Amino acid sequence: MMPPRRRGASGFRGVRVRPSGRFTAEIRAGGFRLTLGTYNTPELAARAYDAAAWRFRRPGRDMNFPDVESLEEAEFLAPPPCRVDDEDRRRHRQVQRRIAIAERDEQLMRQWRAQFPNDVDNTDAFFANLRAQRRSDRRHRRAVAAFELENPNTTWTENDPRWDDIWTETTSDDE
């Protein structure tokens with residue numbers, strides 16, 4: 001008799017932890033590894049694995065949840081996979097930009113305080129000037145993106161992140 005297969009770091013068969021902290025469910029069938037989807041918890045990924053194992057008529061010892069008694073029950077308990085589309089990627093890039101800006105603001109504030117420890121009035125002027133510069137840069141990026149949108153010979157690819165500059169809300173100028 002063969003020893004039982006090891007389960008990964010997630011604690012479930014067919015579930016791997018992604019670097020992002022999410023969990024991928026996958027199953028091997030016919031010499032191929034089939035990715036079933038990415039999930040927020042290892043339990044959800046294990047449920048998806050079990051539904052696929054039922055579909056492939058795997059024995060009960062290959063299941064993560066032995067209390068499930070039928071394919072219908074396994075499919076009912078399995079969640080749909082999370083889909084990542086271009087809109088999700090665009091929002092993620094925007095969030096990452098805002099985080100980078102906030103971190104840069106904190107760094108500049110520390111530098112300013114170290115350089116001028118008793119000068120509070122100039123701090124407001126310094127950051128007002130910095131915000132004005134950012135607004136100007138953002139407007140310039142939008143103008144370039146608008147020009148590229150109208151240009152039939154643009155060199156920008158369809159997934160170029162610079163396209164995001166044209167789609168940002170105009171209220172972001174007031175930040």
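Modeller: A helix here is a DSSP run (H or I) of at least four residues, a strand (E) one of at least two, and both are numbered from the N terminus. The model is predicted.

Colleague: Where is R57 placed?

Modeller: R57 is exposed, with a relative accessible area of 76%. R57 belongs to no numbered helix or strand, as its place is the loop between helix 1 and helix 2.

Colleague: What is phi of R57 near?

Modeller: Most residues other than glycine have a negative phi. R57 is not a glycine, yet its phi is positive. The angle is near 55°.

Colleague: In what order do the elements of the chain run from the N terminus?

Modeller: The chain holds five helices and three strands. Read from the N terminus, the order is β-β-β-α-α-α-α-α.

Colleague: What percentage of the residues in the chain is buried?

Modeller: Buried means under 20% relative accessible area. The chain has 175 residues, and the buried part is 28%.

Colleague: How much area does the chain expose?

Modeller: Carbon and sulfur atoms supply 53% of the exposed area. The whole comes to about 12,800 Å².

Colleague: Which element supplies the largest share of the largest nonpolar core?

Modeller: This core has 13 residues. F12, V15, A25, Y39, A45, A46 and F65 touch the most other members. Strand 2 (23-29) and helix 1 (42-55) each supply at least two residues. The largest share is four residues, from helix 1.

Colleague: How many residues are in the second, separate core?

Modeller: I27, Y49, A52 and A53 are among its members. The count for this second core is five.

Colleague: Is Y39 buried or exposed?

Modeller: Y39 is found in strand 3, residues 32-39. Its relative accessible area is 3%. The cut-off is under 20%, so Y39 counts as buried.

Colleague: Which residue has its backbone oxygen 3.4 Å from a polar atom of the Y39 side chain?

Modeller: Y39 has its C-alpha 5.9 Å from that of R22, 17 residues away along the chain. For the side chain of Y39, the backbone oxygen at 3.4 Å belongs to L36.

Colleague: Why is the pair of F12 and F65 rings given the class it has, and what is that class?

Modeller: One aromatic pair is counted. The ring centres of F12 and F65 lie 5.7 Å apart, with planes at 35°. Planes under 30 degrees apart would be stacked, and over 60 edge-to-face. The angle of 35° fits neither, so the pair is tilted.

Colleague: How many residues apart in sequence are the parts that F12 and F65 tie together?

Modeller: F12 lies in the segment before strand 1 (15-17). F65 lies in the loop between helix 1 and helix 2 (71-77). F12 is buried at 15% relative accessibility, and F65 is buried with an area of 15%. In sequence, the parts tied together are 53 residues apart.

Colleague: Which residue has its charged end over the ring of F65?

Modeller: That charged end is 3.8 Å from the ring centre. The residue is R47.

Colleague: Which residue has its backbone nitrogen reached by the side chain of N64?

Modeller: N64 is placed in the loop between helix 1 and helix 2. N64 counts as buried, since its relative accessibility is 10%. At 2.7 Å, its side chain reaches the backbone nitrogen of R13.

Colleague: Leaving aside neighbours within four places in sequence, which residues are in contact with D105?

Modeller: D105 is in helix 3, residues 86-115. D105 is partly exposed, with a relative accessible area of 24%. Its C-alpha is 9.2 Å from that of L130, 25 residues away in sequence. With those neighbours left aside, the contacts of D105 are F127, L130 and R134.

Colleague: Among contacts between residues at least 6 apart in sequence, what percentage joins residues at least 24 apart?

Modeller: The starting set is contacts between residues at least 6 apart in sequence. Those joining residues at least 24 apart make up 41%.

Terms used
Residues numbered from 1 in each chain as written. Predicted model: local features only at pLDDT ≥ 70, side-chain atom pairs only at ≥ 80, totals over all residues. Heavy atoms only, no water. Buried < 20%, exposed > 50% of the residue type's maximum accessible area, 1.4 Å probe, protein only. Contact = heavy atoms within 4.5 Å. Areas by Shrake-Rupley, 256 points an atom, 1.4 Å probe, with all protein chains shown as cover. Polar contact = N/O pair within 3.5 Å; in protein donor to acceptor, adjacent residues only side chain to side chain. Core = buried A, V, L, I, M, F, W, Y, C linked by side-chain atoms within 4.5 Å. Phe/Tyr/Trp six-rings, centres within 6.5 Å; stacked < 30°, edge-to-face > 60°. Lys NZ or Arg CZ within 6 Å of the ring centre and 35° of its normal.
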